[in-house]
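Please look through the structure shown below, and then read the report that follows, which moves from the charges and the overall build to a few individual residues.

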Amino acid sequence: MSSSERAEPLDVVVVGAGFAGMYAIWKLRQTGLNLRVIEAASDVGGTWYWNRYPGARCDITSMEYSYGFSEELQQDWEWTEIMAAQPEILSYANHVADRFALRDHIDFNTRVTGVHYLEENSLWEITTDAGQRYRARYCIMATGCLSVPNTPVIEGQDEFAGKTYHTGNWPAEGVDFTGKTVGIIGTGSSGVQSIPVIARQAKHLTVLQRTPNYNLPANNAPLPDEYRSRIKRNYKEVRKAQRHAQIGVSEFSRGLGGLGSNAEPKESILQTSPEDRVRALDELGFEALRQYNDLALNPQANELACDMYREQVRRVVNDPETAEGLMPRDYAFGCKRPVIDIGYYETFNRHNVSLVDLRRGGIERITSTGIRTAQGHFEFDVLVYATGFDAMTGALLRMDIRGRDGRTLASHWEHGPKTYLGLQMTGFPNLFTVTGPGSPSVLSNMVVSVEQHVDWISDCINYLDQKGAGSIEPTAKAEDAWVRHVFEIADGTMLTDESCNSWYLGANIPGKPRIFMPYVAGVGAYGAQCDAIAAEGYRGFVIG
Ligand code: FAD
Ligand code: N01
């Protein structure tokens with residue numbers, strides 16, 4: 001009998017076998033629950049399975065962007081660089097799967113298409129593209145925030161005769177760009193990481209850029225031995241500190257580079273003179289922007305930083321017209337996820353790289369040989385989409401999720417995602433989301449947030465089982481109050497500024513409601529609320 005056809009319902013079905021689904025297996029197995037994980041890919045790793053584009057790497061120090069659940073694992077595993085590249089992170093995921101025999105619980109190459117609540121027997125029925133059916137008391141969506149690549153609809157795109165790739169769904173065998181003329185659309189994190197690497201191989205690379213980003217230097221390097229041993233000696237404290245930190249990175253990594261591990265910014269840019277700022281750029285280049293503490297909340301301070309940024313682009317990029325084209329304008333520094341780069345601007349000094357600044361005339365259509373823009377036609381052998389994701393809600397809304405009374409998640413979220421704590425939705429009992437909208441999620445070190453969510457969900461299921469309770473879901477009042485709270489604390493920051501068209505707001509997907517989705521208060525403040533709510537007998541939830 002296949003796992004999906006067993007007579008008895010499962011305790012739990014988990015959808016997705018990235019870091020979240022993998023940890024869910026380890027955690028829920030400890031408590032004796034019987035579970036299956038369903039994964040569309042042919043193996044584990046999620047993000048790091050799909051995003052194999054050249055240059056892909058994490059932007060948080062790997063000693064911290066890694067699991068904390070096993071002391072033996074964290075002592076044994078050796079990272080080679082401060083921020084590991086994708087192949088190393090995927091090897092790590094494979095190692096974890098082997099070491100803890102996780103694959104035994106996973107059905108690979110299987111995409112979940114339907115998730116329906118059967119009210120009469122309080123079970124979820126999960127159906128797949130292969131026609132399998134699973135039934136379970138609980139369903140955990142570990143489907144990822146950045147797991148649905150966004151390919152914009154551009155007229156003529158099917159006519160292109162060359163090869164087309166998306167950074168978020170890169171072929172496992174890699175792509176050889178040698179001797180090829182390549183066009184790339186998109187200059188977010190994926191574009192900024194891949195452009196310097198593709199440029200080193202291709203005959204010619206044309207970067208089609210609609211919005212230039214604000215990038216900061218990665219400062220990546222081989223992992224310093226002293227840092228490695230300091231972290232390993234203190235891993236227990238590191239993991240504890242992560243859970244109390246703003247973005248889930250401990251002070252043990254301070255000063256190392258990567259998000260969350262910069263030195264504490266001490267200076268107010270508003271207190272500096274023009275001469276001070278020129279001197280700072282002379283001494284530190286783009287790094288200078290990391291030392292100011294008033295950019296996030298003060299628009300005037302932010303504008304001074306933007307001026308410094310543009311001046312530094314001018315200094316690095318030799319051709320004045322290209323430099324001008326690469327300068328971000330009209331939106332605040334910090335409103336989008338910071339892009340961490342390695343040699344991005346220097347790449348535009350290569351003879352085989354050119355920029356098409358789409359602000360001077362956009363894409364009109366894709367032709368059989370390239371892209372026609374208002375500025376002319378550009379020919380390519382290969383076209384790369386580095387155009388991002390339908391983030392945070394995309395994977396959930398692509399499944400047909402139906403809760404009580406057959407109500408769809410799509411209708412519950414018609415005006416934007418509504419959750420309580422980013423963990424549950426009203427009307428969808430016993431269905432949990434890992435790092436869902438309304439939790440720190442993509443604003444955090446996501447391995448830390450994944451572990452915190454899975455731990456909370458596991459404790460919640462144990463609590464219900466001990467009580468002999470059959471279901472849990474948030475009250476509409478608690479859900480509404482949480483949605484308001486998430487919005488209110490983001491309001492007034494650069495993150496929700498009108499000029500900002502980030503994927504945090506859903507602004508990258510035509511027709512998606514413009515709502516700020518993650519929770520900005522930080523991993524520590526958020527975790528404390530989750531713990532308090534559980535300690536008070538799951539305040540705001542109805543236990544049936
Ligand atoms: P994912 O890794 O996205 O896994 C979700 C899985 O669910 C996927 O394997 C997918 O195939 C599967 N799935 C989805 N829908 C279905 C379905 N219907 N049926 C079956 N299976 C399904 N975060 C950081 O904190 N630091 C970083 O440095 C960082 N770097 C990143 C770099 C890149 C290129 C990208 C794209 C993201 C990065 N992130 C980073 C975010 C990253 O997504 C998370 O850190 C983390 O890997 C998420 O793990 P997850 O298991 O929640 O989701
Ligand atoms: O996607 P993005 P991403 N015509 O949405 C452009 C994580 N990540 O894959 O800004 C022309 O940021 C779009 O232009 P615009 C990280 O969380 C992390 O790069 O909409 N251009 C933009 O330039 C990150 O934030 C790492 O005007 C079009 C680009 O495509 C998230 O994933 C590495 C277009 C998309 O940028 C997403 O990053 C990679 C069109 N029709 C990813 N449509 C690390 O470094 C879109 N664009 C850890």
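## Charges

This is a predicted model, and its charged side chains make a convenient place to begin. The protein carries 52 positive and 67 negative side chains, and when the centre of each set is worked out, the two centres turn out to lie 1 Å apart.

## Overall build

The chain is organised into 16 helices and 20 strands. The radius of gyration of the protein is 24 Å, close to the 24 Å that the globule rule gives for 544 residues, and so the protein is as compact as a globular protein of that length. Taken along the principal axes, the box filled by the C-alpha atoms is roughly 70 × 55 × 45 Å.

Of the 544 residues, 57% count as buried, while the accessible surface comes to about 22,100 Å², with 49% of that surface belonging to carbon and sulfur atoms. How do contacts relate to the order of residues along the chain, and what percentage of them join residues at least 24 apart? Among contacts between residues at least 6 apart in sequence, 71% join residues that are at least 24 apart.

## Aromatic rings

The count of aromatic pairs in the protein comes to 39. One of these pairs is formed by Tyr309 and Phe333, whose rings are tilted, with 6.4 Å from centre to centre and 50 degrees between the planes. This pair links distant parts of the chain, since Tyr309 belongs to helix α9 (residues 299–316) and Phe333 to the loop between α10 (320–325) and β11 (339–341), 24 residues apart. Both Tyr309 and Phe333 are buried.

Elsewhere, one aromatic cluster is made up of Phe19, Tyr23, Trp26, Trp48, Tyr65, Tyr67, Phe69, Trp77, Trp79, Tyr92 and Phe100.

## Helices α9 and α10

Is Gln300, a residue of helix α9, buried or exposed? Gln300 counts as exposed because its relative accessibility is 55%, and the cut-off for that label is over 50%. Between the C-alpha atoms of Gln300 and Val339 there are 22 Å in space, and the two residues are 39 apart in sequence.

Thr322, which has its place in helix α10, gives the opposite label, for its relative accessible area of 15% makes it buried, the cut-off here being under 20%. Leaving out residues up to four places away in sequence, Thr322 touches Val317, Phe348 and Leu355.

## Two residues with positive phi

Met392 is not a glycine, although it has a positive phi of about 70 degrees. Met392 is located in the loop between β16 (382–385) and α12 (394–398), and with a relative accessibility of 2% it counts as buried.

Tyr538 also has a positive phi, of about 65 degrees, although it is not a glycine. The loop that holds Tyr538 runs between α16 (523–535) and β20 (541–543), and Tyr538 is buried, with a relative accessible area of 4%.

## Around helix α14

Trp456 is part of helix α14 (residues 446–467), and at 4% relative accessibility it counts as buried. Which residues is Trp456 in contact with, leaving aside its neighbours within four places in sequence? They are Leu421, Leu423, Phe432, Cys530, Asp531, Ala534, Tyr538 and Phe541, so that Tyr538, described above for its positive phi, appears here as a contact of Trp456. Trp456 and Gln132, in turn, are 324 residues apart in sequence, and their C-alpha atoms are 29 Å apart in space.

Val434 lies in the loop between β18 (431–433) and α14, and its relative accessible area of 6% makes it buried. Not counting residues up to four places away in sequence, Val434 touches Ala20, Ile140, Met141, Ala142, Val450, His453, Val454 and Ile457. Between the C-alpha atoms of Val434 and Ala93 the separation is 18 Å, and these two residues are 341 apart along the chain.

Definitions and conventions. Residues numbered from 1 in each chain as written. Chains lettered and ligands numbered in written order. Predicted model: local features only at pLDDT ≥ 70, side-chain atom pairs only at ≥ 80, totals over all residues. Heavy atoms only, no water. Helix = DSSP H or I, 4+ residues; strand = E, 2+ residues; numbered from the N terminus. Rg over C-alpha atoms; globule rule 2.2 N^0.38 Å. Buried < 20%, exposed > 50% of the residue type's maximum accessible area, 1.4 Å probe, protein only. Contact = heavy atoms within 4.5 Å. Areas by Shrake-Rupley, 256 points an atom, 1.4 Å probe, with all protein chains shown as cover. Lys, Arg positive; Asp, Glu negative; His and termini not counted. Charge placed at Lys NZ, Arg CZ, Asp CG, Glu CD. Phe/Tyr/Trp six-rings, centres within 6.5 Å; stacked < 30°, edge-to-face > 60°.
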